Amino acid sequence: MRTRTYRENYRELTELLPYRSSWNWYALLLAVLVSLPFMVPTYVMTYVTLILIAAVGAVGLNIVTGTAGLISLGHAGFLAIGAYTAGIAISTYGWPIPAAILAAGFVSAAASLLVGVPSLRLKGLYLAITTLAFSIIVVHLINQWEGLTGGSSGMPVGRPDFLGIPMRSPASMFYLTLVIAGLTVLGTLNLLRSRVGRAWAALRDYDTAASMMGINLVRYKLLAFAVSSFITGVAGSLMALNIRYLNTDSFELIVSIEAIAMIIVGGLGSVRGAILGATLITVLPDFSRYVLSLFGGALGSIASGNTAEIKGIIYALVIMLFLRFEPDGLAHQWNRTKRFWSDWPYSRK
Amino acid sequence: MSYFLNLVFAGLAVGAIYGMLAMGYAIIYKVSRVVNFAQGEIMMLIGYISYSVALRTDASAPLVMLSVIAGAIGVGLLIERFIVRPMLGQPVFSLVMMTIALAVMIRAVVGLIWGLDPYRFPGSATGAPIELFGVYMQPIQLFLLAVYVALCVGVWAFLRFNIVGIAMRATATDSTVSLLMGVSVSRLYRVAWIISALIAGIAGVLFANIYHIGPDLAHVGIRAFPAAILGGLDSVLGSALGGLIIGVVENLAGGYIASAYKEIAGFVVILVILMIRPYGLFGQKDIERV
C-alpha cells in the first residue's frame, strides 16, 4: 500500500508529480487529446476547445483569487482587454497569431497594475468591488472607443495563416488551444511549487506574518495580479480567435461570476480543480438544457425559450450547493476518490 | 447656472435611490462583515412583486405599500434562513459568493416570471413639474427625497435608541463580546436582512414610479456600490450621503463631459477615493493587532 505522507527530502515535497507512474497517465491523456480530432465529430471537438479556453481563464483567475487570496470580480475586464488586443493586432495591424496572443497577455498584465496598486492598501471586499469597478470601466471604454474597437457594433477577427499552416479549420484552432492550455498548466504548476507560489500562499493565509518572514508584499501582490491577468488575457485572445467576432456582450459581469464559479466548484487554489470546474461549468448549461428538453412539453419549451435564465439558475444553484456542501470543491472530491481506491480494501468510508 | 442646478437636482434624485441601496449594504455589512451583492436584485424583485399587486388592484397605494412590506419581510426571512444561516462559521468570502449566486438566481427567476421588457408602473402619476429658481422638479422626485430623509432619520434613530439597533452597533464593534452579553446573533441577522430588504423595496417602488420597472433595475444595485464604498461600508449614514454625492457627480459628468461617462463616473470616483482613503470617507479604519 502506498502512502502520500512519507517524504524523505525537500525536493520530493516540491516535485511536480508524486509518482513516476503519474507521468504515464498524463502522457496517455495528452495522446487522447492530440488524437481527438480524428476520433470525434467536429462539434465535440469545438466543445472541447471551449472547455480548454475556459480552463486557461480559470487557471489564470485561480492564481490571484485561489492561491494569493486577492478576490477579483473583474476578470471579465482582463479577458476583454486580451481579446481586443489580439483582435486589433490581427485585424488592424496584421500581426501573426503567436505575436498577437503574447501581446494580449502583456497588455492585460500591464492593465492589471491599475488594479494591483490599489490592492496593496485594500482588503477583502473593498478590493473585490474595486476590481468590479475596473471591469465595468473597461467594458464601457471599449464601447466608447469606436475608432479602435468598433464600439458596440463589434469587430471581426481573422485567423491568418501561420508559417504556411492554415489556421482556419476547427482542428487547427483546437491544436492551438491545446498547446496554449498545456503550456499554461505546466507553467502555472511550476510557478506554484517555486518560491513565488509559496509566497502567494503565505500572503493569502496571513499577510502580516508573511511580510515578517521576508516576503515583499508589494512585489508579490502585483506579481500575482500580473501573472493572473497575463493568463486571462491569453484566454481572451483565444476567445477572440475562436468566436472570430468581438462584441462587449461577451464580457459582461456574468462572465466574471462564471469564472469565480469555476474555481469555487473546482476548489480554490488547485490547478486541477480549476480545470475540472471549467469543464463542469462549461458543460452544465447545455447538458441541463438537453435533460430538460427530454421532458418535452411545457418544461422543454421553457428551457428552449429562456436559455439565459436557465443558465443563470444553474450557475446560481451550482455555486450555492458547492459552497454549502463541498467548499473544497471537485479537487477535494478527486483526492478522496483516489485515496479510496488506492487504499482499497482497507479504505475507510 | 440653471443648467447646473438642474443637473444637481436630478443627481440628488437619483442619488437618493443610490443612498437607500447603500444604506442596505451598510446595515448588513455592519452586523456581518458581508457585502450583499444581491441588493439591487432584491430591490428589483420587491419592485416586481408590488408591480403585480398594483396591476391587479388598480394601483391602490395602501396595498402597494403593504406588498412592499410583506415582500421585504418574506425575502429577508427566506434569505436569512436558506442563505445566511447555513453559512455561519464559514469564511466571509463564502457568504459573499452566496449573495452573488443569489443575485444571479433572482435575476434569472424574475426574467422567467416577468419577462425582459420594461413596463410602466401602473398609476405612476407624472404631475406637472414644479419650477423653483429655474429648477424643474417632479412632485414624485420631491416625495422620493422626503422618503430618503425620513429613512435616514429613522435608521439613525433605530441605531441610536432602539435596543436591537444598539445590539447591532455592539456586534459591529465586537461580535464575540456582544454574543457573551446575550445578544442573539441570528435574530440580529434576521432584522438586518429584513430592514435592508425593506429599504431596497421602497427604493425599488419609487424608482419604478419615476422611470419604469424592468430587468435593468438590477444594474442600479451595482451603481450604488460606489456610494457605499465612498461613505465607508460600515457607516450607514455615510453610505446614504455617499449616494447623494455619487448621484450628483454622475449627473455633472454626464452633463459637462459627455453623456456616455455618466455610467462610469461613480466607479472612477471610487477608484480614486480608495487610493487615498482605503476605508471610505466615513468608514472606520481597521487597526490590526499582530
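**Helical spans of chain B and its interface with chain A**

In the predicted model, residues 6–27 of chain B are 100% helix and 0% strand, and the C-alpha atoms at the two ends of this span are 31 Å apart. The span is one of those that UniProt, in an unreviewed entry, lists under "transmembrane region" for chain B. The other spans in that record are residues 59–79, 91–116, 136–159, 191–212, 224–249 and 264–282. Residues 224–249 of chain B are 81% helix and 0% strand, with end C-alpha atoms 13 Å apart.

Chain B also meets chain A. In this interface, 45 residues of chain B are in contact with 39 residues of chain A. The size of an interface is often expressed as the accessible area lost when the parts come together. Chain B and chain A bury about 3,800 Å² between them, and 82% of this area is on carbon and sulfur atoms. No salt bridges are found across the interface of chain B and chain A, the count being 0. Residue pairs in polar contact between the two chains, with both residues at pLDDT 80 or more, also number 0.

On the side of chain B that touches chain A, at least two residues each come from α4 (92–114), α10 (225–231) and α12 (262–276) of chain B. The helix that gives the most to this side is α4(B), with 15 residues. Sorted by class, the side of chain B that touches chain A consists of 38 nonpolar, 3 polar and 4 charged residues.

Conventions:
Residues numbered from 1 in each chain as written. Chains lettered and ligands numbered in written order. Predicted model: local features only at pLDDT ≥ 70, side-chain atom pairs only at ≥ 80, totals over all residues. Heavy atoms only, no water. UniProt positions renumbered as here; feature names shortened; annotations may be inferred. Helix = DSSP H or I, 4+ residues; strand = E, 2+ residues; numbered from the N terminus. Contact = heavy atoms within 4.5 Å. Buried area = accessible area lost by both parts, 1.4 Å probe. Salt bridge = Lys/Arg side-chain N within 4 Å of Asp/Glu carboxyl O. Polar contact = N/O pair within 3.5 Å; in protein donor to acceptor, adjacent residues only side chain to side chain. Nonpolar A, V, L, I, M, F, W, Y, C, P; charged D, E, K, R; others polar.
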